[in-house]
Amino acid sequence: MNYTQTLEFLFQSLPAFETKGATAYKPGLERITAFCRHIGNPQRNFFTIHVAGTNGKGSVSHIIASVLQQAGYRTGLFTSPHLQDFRERIRVDGEMIPKQKVVNFVDKHHDKMVELELSFFEMTAALAFDYFAQSDVEVAVIETGLGGRLDATNIIVPVVSVITNIGLEHTALLGDTLQKIAAEKAGIIKKSIPVVIGEGDLRYNDVFEQVAAANKSKVIYAEKVFSCQECGCREGRQHFCMHRMRDDRNFEVDLDLTGNYQRHNILTAAATVDFLHEETPLTISRRAFLEGTRDAAAITSLAGRWQKLGENPLVVCDTGHNPHGIAYVAEQLKATPHKELYCVIGFVRDKDLAHILPLLPRDAHYIFTQAQTERALPAAELTAKAAIYGLRGETIPEVPAAVAHARELAAADDMVFIGGSTYVVAEAL
């Protein structure tokens, strides 16, 4: 098979959550365990950091990977979903896995994948582990796909687990309360392995405490290790004043990821890096931390997080797509100076729109659209649902045409926002 045929096999033959939705979700670790055993358990060949959470886990994973790389470690990074290229999911020192490596892996293990009926995500996780081992990776940052307890990545034994925050998402699969979702995410807590909690909350802290106690694992609340104040911008980057409680030290930290919500993510990443330096064999200097955060997006090629696509009018896209993430987006829209606001919005069918649409600004002009995926909610259907919540505008089913129309409508002092779904952002990019 060539690369195109290989991708076709992965997306068509193996069920992919990205295209099929909940029907492709195959919980349980039996298949991935059997397959990794078949390929020699490559995930045991390097240190790992395991990152779960409702929102922010992508940003946190990229920031930590960037810092580790600046500290001189050969660093693997496994994230999902991708925006434009499948290979974005698997990187070593910021570089995507070569196409030929993907082809070779699938050619070699095709029959076993089919025999075990691996899901798309299980295969991708195994491919990442194998590639990292081949590439002499010293430490890898592994982001969960969905949930935690039954996620394919949960066969690793990390040096630290990280849970960014808990919000309502994938409720049909993970549970319909914050406590139930927290219990699923808490499934990544391993025996005697500390866990960093990015955003503690009285509604779910007990869930983590109980699981950690049962595993004799230390709980580290990021907000008790560092405090963080946003100090504005410096040379196009966000600038934070951070204070470390244990030794009363202050840090001036720059971050090339924009969006006010990154204040939470920088805290989570800082607490994790601090733990790695203090309590694991990894050594991370202050310089590595500051350089790694300063250029995190550039070093790891992270896109779609409050990313500016144009000026006059200001055009911004963001991949926030659940109530927790959209609440941050709405807050940021309110805080961003503009005259008129044009929103190009599309969602997938299984999103909880009853909890999302009321969060969006009513005074914006909406262009309802849909991405080219079978999971997309038809734009006309979205238009009708949005009207119930007082969101009005027009319907343009193709994302590029919707974005072009928004740019035409907007004057120089207006703003265009593109989001609602990762797929909409991917097509806009």
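Strands here are DSSP runs of E with at least two residues, numbered from the N terminus, and two of them pair if DSSP finds at least two bridges between them. With that in hand, let us walk through one sheet of this predicted model.

The sheet is open and has six strands, in the order 12-13-17-14-15-16, with mixed pairing. Strand 12 (307-310) and strand 16 (393-398) are its edges; each has a single partner strand, so one side of each lacks a neighbour in the sheet. On average, neighbouring strands are turned by 20° against each other, direction ignored.

Let us start at the strand 12 edge. Strand 12 and strand 13 form a hairpin with three residues between the strands, and asparagine 312 takes a positive phi near 50° there. Strand 13 covers residues 314-317, and its other pairing shown below is with strand 17, residues 415-419. Here are the two pairings side by side.

| Strands | Sense | Bridges | A bridge or facing pair |
|---|---|---|---|
| Strand 12 and strand 13 | antiparallel | three | glycine 310 and valine 315 |
| Strand 13 and strand 17 | parallel | four | leucine 314 and methionine 415 |

In general, strands of a sheet pair through backbone hydrogen bonds, either parallel or antiparallel.

Which helices accompany the sheet? Helix 16 (residues 379-388) packs on the sheet and touches strand 14 (341-345), strand 15 (365-370) and strand 16. The direction of helix 16 makes about 145° with that of strand 15. Helix 17 (residues 399-409) lies across strand 12, strand 13, strand 14, strand 15, strand 16 and strand 17. Helix 17 runs at about 140° to strand 16.

Note on methods
Residues numbered from 1 in each chain as written. Predicted model: local features only at pLDDT ≥ 70, side-chain atom pairs only at ≥ 80, totals over all residues. Heavy atoms only, no water. Axes fitted to C-alpha atoms, helices over the stretch in contact; angles between N-to-C directions. Contact = heavy atoms within 4.5 Å.
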